[in-house]
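Here is a set of exercises to work through with the coordinates open beside you. Try each task yourself before reading its solution.

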Amino acid sequence: MAPDSDVHTLGTRVWVKDEVESWKKGDVLKLDGENLVITIDGGKQIICKAEDAPIQNPDTRGGVEDMTRLPYLHEPGVLWNLRSRYLFDDIYTYTGTILIAVNPFANLQHLYGPHMMDQYRGADLGELSPHVYAIADSAYRQMRKEKKGQSILVSGESGAGKTETSKLLMKYLAYMGGYSESGDQKKGSGRSVEEQVLESNPLLEAFGNAKTVRNDNSSRFGKYVEINFSSKGVISGAAIRTYLLERSRVVSVNNPERNYHIFYQVCDGASSEEKSRWQLSAAKEYHYLNQSTCFTLPGVDNAKEFRATVYAMSAVGIPGQDQEAVFRVVSAILSLGNIAFGPGQDEESSVVLPGPPSEYARITAELLGVDKGGLVKALTTRTRQTPDGPIVSPLDAKAALENRDSLAKILYSKMFDWLVARINNAIGEDKKCAASIGVLDIYGFESFAVNDFEQLCINLANEKLQQHFNQHVFKMEQAEYEREKIDWSYIKFVDNQDVLDLLEGKMGILDLLDEQCRFPTSTPSDLANKLFTSGICKDSKRFSKPKRSVTAFSIDHYAGDVTYETTNFLDKNKDFVVAEHQNLLTSSSLPFVKALFYDPENDAGVDAKSGKGLKAFKFNSVGSQFKKQLAELMAQLHTMEPHYIRCIKPNTLNQPGNFENKNVLHQLRCGGVLEAVRISCAGFPSKRPFADFVDHFWTLAPTLIHSDLDDREISRKILDKAGFTGYQVGETKVFLRAGQMALLDKQRTDNLNAAATIMQKYARGFLARRCFAAARRSVLLLQAAVRGFFVRMEFKRARELRGALTIQRYWRGYKARSDYKKAYRLVLQIQSMWRGRTARHRFEHMRRLHAVVVIQTAFRVWKARRRFQRQREAAILMQCMFRSKDAKRELRRLRAEAREGTKLLEDKKALEAKVVELLGTLETVQNQRNELRQQLKDEKVSNQDLDRRLKELEASNALLLAEAAKASVEELVAERTSREQFEKESADLTVQLRDLTERAGKEKAESDRKLDSAKDYIARMQNERSDIDKRFHAMKDDLLTRLQNACSQRDEARAQVLELQAEMEKVKEQLTVKERQLMVASASAAAAALTPAAAAAASHAAPVANGSPAAGLDPSLLTPLVQKGAGYARALSEGIMLGFGGAAATPPAGIRTGEDIGRSPALGAPGGPETEAERKMRELQAKQAQMLQDKRKAEEERLLAALSGNLGFHRGRPLAAIIIFRCCLQWRAFQADRTSLFDRIIGVIGSQIEKQQDDNAFLSYWLTNTVTLLHLLQKNIKPASGSQSGKRPVGAATAARGVFGTLFGTRSPNAPAHNEASIHGGAAGGFKPVEAKYPALLFKQQLDAFVQKIFPMMRDNVKKQITPMLANCIMTPKGTTRARSGSADQQSAQIAISKSWGEILGVMESLLGILREANVPKPLVQALFKQLFSFVNVNLFNQLLLRRECCSFSNGEHVRTGLAQVEQWIQATGAEYVGESWEELRFIRQAVQFLVIGNKQKRTLDEITSDLCPVLSVQQLYRISTMYWDDRYNTETVSSEVLSRMKQQMTDVNSTGSHSFLLDDDATLPFAASDVLSTLDDKDLNMGVPIPEALREGDYAFLEKELKISQAA
Ligand SMILES: Nc1ncnc2c1ncn2[C@@H]1O[C@H](COP(=O)(O)OP(=O)(O)O)[C@@H](O)[C@H]1O
Ligand SMILES: [Mg+2]
């Protein structure tokens, strides 16, 4: 090894020893031969030897997680690392596989709990931040993998946190052991073994822990818990072993300490009834407790603890009467302590003092179930065995007191042992377990001012464990060398076997002690003498005799010298029950006490009272017993794989945040950590991975960096170049001997110094140049300014001159202009006056002319108008007259025409016929007249004839005048008479004719009159007809209203009938429901949670559901139908009653309308239609039932078969769901009281899902189907109404509750209201939902369960897929910061990361494709993505916070680029599908933002919390701030002021908020009912769908028809 001074140069940072702080930081100021001049504390100079100044490790804020990674592994390095970590609350640190835990003395809740356990579950040791869970997990996994027992050895001094740590270990093991084989956490049922194991802790603590100066809850016994695991890794049993309970504490307590907790618990916590039963007083009253003034502990409530203890007793299975007995014994011990003794009759004897002591003796005897006299005797006498038989001798008062105390001690320790045995019994060791894990919580090495026998035993135990530890460390070191394939012959095993021999070997200290104990009279100095003079002690190098004391001796332990005082050794080593006590207590009437002291071997002794050979006692020593126990323990540990946890107490004051170097160093030494360091130093203490090494030392051979050599070769070359020998190059690391690293570092520093000089040279040159340039620039600037000034002056003068000229010019111009303007104005005035005058003249003339023309015009107009008016009036008069005449005529004509109505034609005809008849008569009369006229003519002709003959005669007469004159005259006269007669007759005939004509006229008038009357008659008839019409209409209306009434009456009657039916059905249903209740017992467990919601729903449903089932049909629905025709109405109403299947099967309109109108009895008798309808309904039902039964089976089978294939989609709606719904509707399955259809459908779907659990495409197909089906059911069916709904059985009521209500009820408070609305009011098109019976509602529930099942399945599938990719999204940038190839490495890392992100996005993309293909409703898609991104967020964020190496600047940049990729994808995909996913990533985004933000030192807390990372909690910020490191630019994390403010805030909020800095993955269903329902519309849902191939055969034609539910209404 090179001389130390070789490793120091100027400015080397080193450690120097310090009295107070052990080590201080300093800088080398000067090299002075062998010595160094070092400045510390910014000024103070000291001189020390080079070898006393170890080199500091490079400053890593927050330390390193594994100390073996420290470049310099030495005492100050280890100490400083622990310290800097501790100050950031990083209490755990590894040294290889050993965990060092520094007691925080504060509640660091964020470090523990299930979420943390979850993180550490399955993580490799060292992968995450150091943690006790990591040790437990590695033990557990090693056990499962290798099927080998594991032991976890927790050691440390009192108050260092051993017990807490082992409790944490056990909790973790219980947590892991509580997982069932399928990987699910078992739900606690009853008292599981885990719980019993955990509950044993508080119980044992109550009886075995006490407050000491060092620890308020110090375990006063050693404990080894072995937890058994089955081959599946489930806890199957446990065994607890305890060591060396401190008995002396029962009877004597030093002042600030306390006795065992249980005493105080009983005194404060027992109820008054219990107190009187156990005859208890206040704690202050008891001698055993009031030796100290401390009775309560801060923050601990004795009474509460008592209840916890009682609970724990019950939990581990101690029955009530045993608990009672235990507390009796506890009380008995307390009162035993109050028995006091005074001198008896003679010096040697003693008696119990009268008064309270005597009373306490009574109480004690009573509580122990023994005779008071016997008790007093046992306390005040001693029996000695002599060869002549037993001799009873009295004891003096002091001896009696000691006797009493020893009874108390033995009672307590027996009770403690019993408790342990009882716990072991209750939990039960699993002898056949696959493997077990032992947790050892045992006192650490102790060295006080005065060390007693306990310390000797404790230190023996620690020596043994140390040996075990050394072997282990040695083995591990060796293993590493072997793994790296390097020569390990260098390392030498450090052994402490000599100390062990000295302590427990043959004729060792314990042996000698036992030997002395056998002599009742031996004294401590005898013992000391023996030790100094005999056995192996006197020769041992480790053993020495202190100068001053004769009774003390010293041992050189691995952790230092300890001097033991032998005064109490003999007493404390004895371990046997005095025969009197044994006899007394075995005679107890209490079985418990009796059993405590029952000793089968000693039984003989009890009988022997009667005579021979009473064995006085069986010699038993604490030392030998402990030795035996230790040997057993070690034997066991040797078969197990050890894991070590070293607990460290940072200060003696039990304060948080206080790290006392000296103290800790001492403990590191005692705990063997430095020993481990020493072992390591013996070999190759400095190990560095090649990459790291090259990264650090590349400056030693800068040319190599650009060669193609790998890191291993470069390392080798660097070392060779440095001229080293003895180093080793392993597989992954360089191994350097002690000191070599320092030498290398020196070379490196020198190199860097040289480089720095060169850089300084250039920098200075640069600065000088810059300075010169600046000066030159200033001079030029100045010149320019001066010149500028003069020029500006000149310019100003010139400008003023020019200004004056300008002003003059303007003034003159102004003057000339104003003069000119004045003259111009005057001329204008004159002009205008003249022009005005002439214009006025002209105007006057024009006015006159105009007036004349106006007058002329008016006159001419007047004349013309007058003439025109006159003419017009005349014309109008003439027109009027003419027109009025015309009009009158027209009026007359119209009147005449009006008189003859067309409708009178027939009557007119009749009358005309009469007229014709009369005309006929007239004709005959005329004919007669004509005849008469003819006759008259004839007569006249004959007359003329006669005249002519007369003339002839006259002529002849002339001739015959004489003779004939007379005859002729006579004849003439006769002739004349006949002529006259004729004339008379003719006159008669004329008269007659006139008469006839008169009669005909009369008759015509008559017939006219008759015609008029006929007309009247017709008019009357017409009136009558319209009357009749009116009456006819009135009557019709009347009949229609009566028909309506009749119909409504009929409906009422029918409703009553249905109500009766419903009631009958209800009774039946109640029966079936009762049966079902058994069936759904399991479901009702789940439903039980929802019962309140269901009850609310049921009560909500009640008002709607009252009345008969038919009341569900709105009467207003029927009225318009009735008006259209009764038959039609009936057909329709029947159709509705029977369900839509019926309606669809019976054509609603037309067919029966015509005939039914004719013969519908509805018009006549209102009672008729009821019976008819009923009958028809029944017939129809019967027919349908018959038909359905025949067909149903086959069709169901076909449907189910079809469902097992992918039916695909129709217009974006899932066919399967629609078909199921339509089939159920068609087959009226919803109304059925019993049907197996639903169960079978559910069965098919379930088995489908089960079969394809991993196929998201398939799952999403079914997700869409189930959701759509649920939607259909939700819209179209409702729970059967009826008055019974109020008293529905719970199961049914739960089912009746909207499915989505149970599904989402807990998440969205307004969901139930929405449900109710949609069930009862909001159904499509006012259609009344089908009333569903219980099976349908159950079906809904099961579908709902499917949705709840499928969604998480899909989510978990994707999670499973992306989890391995996520691990690569955050890089562990080991050695990527190298200057030489930095960018290349960076790039490759970047590429790897973006590849993983790309893969994740690929998964998302394909998932999206699948979801879209399956038409999954968008809210579900959004919810799915939201949860997935939330998972990504949680996962990455937790990884970041748990892995220190991830919290680096460059990693922040990498993740940021990855996130940018994600953002792009999200934006490209659109909110429609991925919704708020980007928002879900906010934690990781802000954490990354924090990592990459520059200048953290300058940021204030407000800035960080409100601007930069508003969502991160203080815990998270604190964690990330302390973890942050910059691998690139070496920037620092936030300032220490900000850190301390964060810490302050953390303690402030700790009382309220959650403590974990980790995020929980939320696995609840994230979507709300309203979202899903609102987006599911009815579009295309009720349309006809094509019949799938699989259903071609059956009668599925109805599928093709549109479902006209709402239209029918
Ligand atoms: N991990 C821890 N977190 C918080 N407090 C702790 C932790 N470990 C120990 N302590 C504190 O230290 C005290 C002493 O611890 P304990 O385990 O009883 O010490 P030991 O068993 O080593 O004597 C505990 O009462 C507790 O207040
Ligand atoms: Mg303890």
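Buried means under 20% relative accessible area, exposed means over 50%, and partly exposed lies in between. Keep in mind that the structure is a predicted model.

**Exercise 1. Burial along a helix**

Task: Find which residues of helix H48 (residues 1482–1492) are buried, and which helices they pack against.

Solution:
- Step 1. Apply the cut-off of under 20%. In H48, the residues that pass are Phe-1483, Ile-1484, Gln-1486, Ala-1487, Val-1488, Phe-1490, Leu-1491 and Val-1492.
- Step 2. Put that in proportion: 8 of the 11 residues of H48 are buried, so the helix is largely enclosed by the rest of the structure.
- Step 3. Look for the partners. The buried residues of H48 pack against helix H44 (1418–1442), helix H45 (1449–1469), helix H49 (1501–1508) and H50.
- Step 4. Follow one of these partners, H50, which spans residues 1514–1523 and contains Gln-1516. Gln-1516 counts as buried because its relative accessible area is 4%, under the 20% cut-off.
- Step 5. List what surrounds this residue. Beyond four places in sequence, Gln-1516 touches Phe-1437, Leu-1441, Phe-1483, Val-1511, Phe-1557 and Leu-1559.

**Exercise 2. The whole protein and its cores**

Task: Describe the overall make-up of the protein, then locate its largest nonpolar core.

Solution:
- Step 1. Count the secondary structure: there are 53 helices and 27 strands.
- Step 2. Take burial over the full chain. Of 1609 residues, 46% count as buried.
- Step 3. Check the range of the contacts. Among those between residues at least 6 apart in sequence, 73% join residues at least 24 apart.
- Step 4. Turn to the largest nonpolar core, which has 266 residues. Those with the most contacts inside it are Phe-207, Ile-262, Phe-263, Tyr-412, Leu-668, Phe-1230 and Phe-1425.
- Step 5. Zoom in on Phe-1425. Leaving out residues up to four places away in sequence, Phe-1425 touches Met-1404, Leu-1407, Leu-1408, Leu-1411, Trp-1465, Tyr-1473, Val-1474 and Ser-1477.
- Step 6. Apart from the largest core lies another, of 52 residues, including Ile-458, Ala-559, Leu-570 and Met-634.
- Step 7. For background, nonpolar side chains tend to be buried together in soluble globular proteins.

**Exercise 3. Two crossing helices**

Task: Work out how helix H7 (residues 261–269) and helix H11 (residues 320–337) are oriented, and what kinds of residue meet there.

Solution:
- Step 1. Take the axes: those of H7 and H11 come within 10 Å and cross at roughly 100°.
- Step 2. Classify the angle. Values of 65 to 115 degrees count as roughly perpendicular, and that makes H7 roughly perpendicular to H11.
- Step 3. Read off the contact. From H7 come Ile-262, Phe-263, Val-266 and Cys-267, and from H11 come Phe-327, Val-330, Ser-331, Ile-333 and Leu-334.
- Step 4. Sort these residues: 8 are nonpolar, 1 is polar and none is charged.

**Exercise 4. An annotated site**

Task: Find the residues that UniProt annotates as "binding site", and decide whether Ser-158 is buried or exposed.

Solution:
- Step 1. Consult the record. The UniProt annotation, from an unreviewed entry, covers Gly-156, Glu-157, Ser-158, Gly-159, Ala-160, Gly-161, Lys-162 and Thr-163.
- Step 2. Place Ser-158, which sits in the loop between strand E7 (150–155) and helix H4 (162–177).
- Step 3. Ser-158 is buried, because its relative accessible area is 9%.
- Step 4. Add its surroundings. Beyond four places in sequence, Ser-158 is in contact with Thr-212, Arg-214, Asn-215, Ser-218, Arg-220 and Lys-649.

**Exercise 5. Positive phi in two loops**

Task: Give the phi angles of Asp-89 and Lys-485, then tell which is buried and which is exposed.

Solution:
- Step 1. Recall that most residues other than glycine have a negative phi.
- Step 2. Asp-89, not a glycine, has a positive phi of about 65°. This residue lies in the loop between helix H1 (75–87) and strand E5 (92–95).
- Step 3. Lys-485 also is not a glycine and has a positive phi of about 55°. Lys-485 is in the loop between helix H15 (453–483) and helix H16 (497–504).
- Step 4. Asp-89 is buried at 16% relative accessible area, whereas Lys-485 is exposed at 62%.

Note on methods. Residues numbered from 1 in each chain as written. Chains lettered and ligands numbered in written order. Predicted model: local features only at pLDDT ≥ 70, side-chain atom pairs only at ≥ 80, totals over all residues. Heavy atoms only, no water. Core = buried A, V, L, I, M, F, W, Y, C linked by side-chain atoms within 4.5 Å. Buried < 20%, exposed > 50% of the residue type's maximum accessible area, 1.4 Å probe, protein only. Contact = heavy atoms within 4.5 Å. Axes fitted to C-alpha atoms, helices over the stretch in contact; angles between N-to-C directions. Helix = DSSP H or I, 4+ residues; strand = E, 2+ residues; numbered from the N terminus. Parallel < 35°, antiparallel > 145°, perpendicular 65-115°, else oblique. Nonpolar A, V, L, I, M, F, W, Y, C, P; charged D, E, K, R; others polar. UniProt positions renumbered as here; feature names shortened; annotations may be inferred.
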